[in-house]
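Colleague: Could you take me closely through the loops of this model that hold unusual backbone geometry, together with the strands that frame them? I should like the setting of each one described, and then the chain as a whole.

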Amino acid sequence: MMGKKEVNQEKSIKSTIIEWVKVFGVAIILAFVITLFIKPTLVRGDSMVPTLHENDYLIINRMVYRMGEPKNGDIIVFKSDLEATDGTNKDLVKRVIGVEGDKVVITNGQVYVNDKLLNEPYLSEGMDTEGEMEVTVPKGKLFVLGDNREVSLDSRYDKVGLVDVSDVEGKVFVRLYPFNDISFIN
C-alpha cells in the first residue's frame with residue numbers, strides 16, 4: 001500500500017510530465033505558424049553584390065504576395081530549375097525589374113522599363129547591364145536581374161528566363177547575419 005507521500009510524488013511527476021508535454025506542444029505549434037509566415041534563407045554566390053553578399057542570412061516574408069503582387073524593385077526568393085550540387089533545385093535571390101505588362105529593354109548597358117531609363121542606385125558605380133534584349137512581361141511572369149550584372153544568372157538567360165509568380169517564395173525583408181549588417185531590406 002502506498003503512503004500519502006508516494007501518492008503526492010506520483011501526482012507531482014504526472015503533473016510535471018503534463019506541463020512539459022504542453023510546453024513542447026505549444027512550441028511545435030508556434031514553430032509551425034512562424035514558418036507559414038517567414039522563411040530563413042542563405043545567400044549563395046555574388047549575384048546580388050553590393051546589396052547582398054555570400055553567406056548573408058536572410059528572412060523572407062512568405063505572406064506578402066498572398067495579399068498582393070511583387071512590385072518593381074522588390075528583392076525576391078524564387079524556385080528555379082537550376083540544380084544545386086546536392087541535386088535539389090536552387091532557390092535564387094534577385095531584384096524584380098519588370099512585372100506583368102512592363103516592356104523591358106536592355107541596350108547599350110542600360111535598362112529601360114516602359115521606355116524610361118531605370119534609376120538603379122543599388123548597382124556598383126560603373127556597372128553596366130550586359131546583353132541586348134527587349135521583352136514585354138506576360139501575365140503571371142516577372143523579369144528579374146541580379147544587382148551584380150556581370151556574374152548574375154537571371155532573366156537575361158534561358159536557364160532562368162522569366163520567373164513564374166507562382167514560383168516566388170517571398171520577399172526579402174531582413175538581413176540577420178552578419179550581425180554588423182543587420183538591416184531591413186526594402
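**Loops and their framing strands**

Modeller: Pro-50 is located in the loop that links strand 1 to strand 2. The model is a predicted one, and every value below is computed from it. The peptide bond leading from Val-49 into Pro-50 is cis, its omega being near 10°. The two strands on either side of this loop are partners: strand 1 (residues 38–42) and strand 2 (residues 57–61) run antiparallel and are joined by 5 bridges. Within that pairing, Lys-39 faces Ile-60 of strand 2.

Strand 2 leads on to the next site. It pairs with strand 11 (residues 168–177), again in the antiparallel sense and over 5 bridges. Here Leu-58 has Arg-175 of strand 11 as its bridge partner. Beyond strand 11 comes the loop to strand 12 (183–184), and Pro-178 lies in this loop. The bond between Tyr-177 and Pro-178 is a further cis peptide bond, with omega about 5°.

The residues around Pro-178 also take part in an aromatic contact. A search of the whole structure gives 2 aromatic pairs. In one of them, the ring centres of Tyr-177 and Phe-179 are 5.2 Å apart and the ring planes meet at 90°, so the pair is edge-to-face. The centres fall within the 6.5 Å limit for a pair, and the angle is over the 60 degrees that edge-to-face requires. How exposed are Tyr-177 and Phe-179? Tyr-177 has a relative accessible area of 42% and is therefore partly exposed, whereas Phe-179, at 63%, counts as exposed. The cut-off between these two classes is 50%.

Two asparagines mark other loops through a positive phi. Asn-108 sits in the loop between strand 5 (103–107) and strand 6 (110–113). Its phi is near 50°, a positive value in a residue that is not glycine. With a relative accessible area of 66%, Asn-108 is exposed. Asn-114 belongs to the loop from strand 6 to strand 7 (116–117), and phi is near 55° there, again positive in a residue other than glycine. The relative accessibility of Asn-114 is 39%, so this residue is classed as partly exposed.

A separate side-chain contact should be added: the charged end of Arg-95 is placed over the ring of Tyr-122, at 3.6 Å from the ring centre.

As for the chain that carries these sites, it contains 1 helix and 12 strands. Read from the N terminus, the order of elements is α-β-β-β-β-β-β-β-β-β-β-β-β. The C-alpha atoms occupy a box of roughly 90 × 35 × 30 Å along the principal axes. The radius of gyration is 24 Å, while a compact globule of 186 residues would have one near 16 Å. Buried residues account for 35% of the 186 residues. Of the contacts between residues at least 6 apart in sequence, 56% connect residues at least 24 apart. The exposed area of the chain is about 11,800 Å², with 57% of it supplied by carbon and sulfur atoms.

Terms used:
Residues are numbered from 1 along each chain as its sequence is written. This is a predicted model: local features need pLDDT of at least 70, side-chain atom pairs count only at pLDDT 80 or more; totals for chains, interfaces and linings use all residues. Side-chain values use heavy atoms; hydrogens and water are left out. Rings of Phe, Tyr and Trp (its six-membered ring) pair if their centres lie within 6.5 Å; planes under 30 degrees apart count as stacked, over 60 as edge-to-face and the rest as tilted. Buried means under 20% relative accessible area, exposed over 50%, partly exposed in between (1.4 Å probe, protein chains only). A charge sits over a ring if NZ of Lys or CZ of Arg is within 6 Å of the ring centre and within 35 degrees of the ring normal. Helices (H or I, at least four residues) and strands (E, at least two) are DSSP runs, numbered from the N terminus. The radius of gyration is taken over C-alpha atoms; the globule rule is 2.2 Å times the number of residues to the power 0.38. Contact means heavy atoms within 4.5 Å. Accessible areas come from the Shrake-Rupley method with a 1.4 Å probe; for residues, only the protein chains shown count as cover. Two strands pair if DSSP finds at least two bridges between them.
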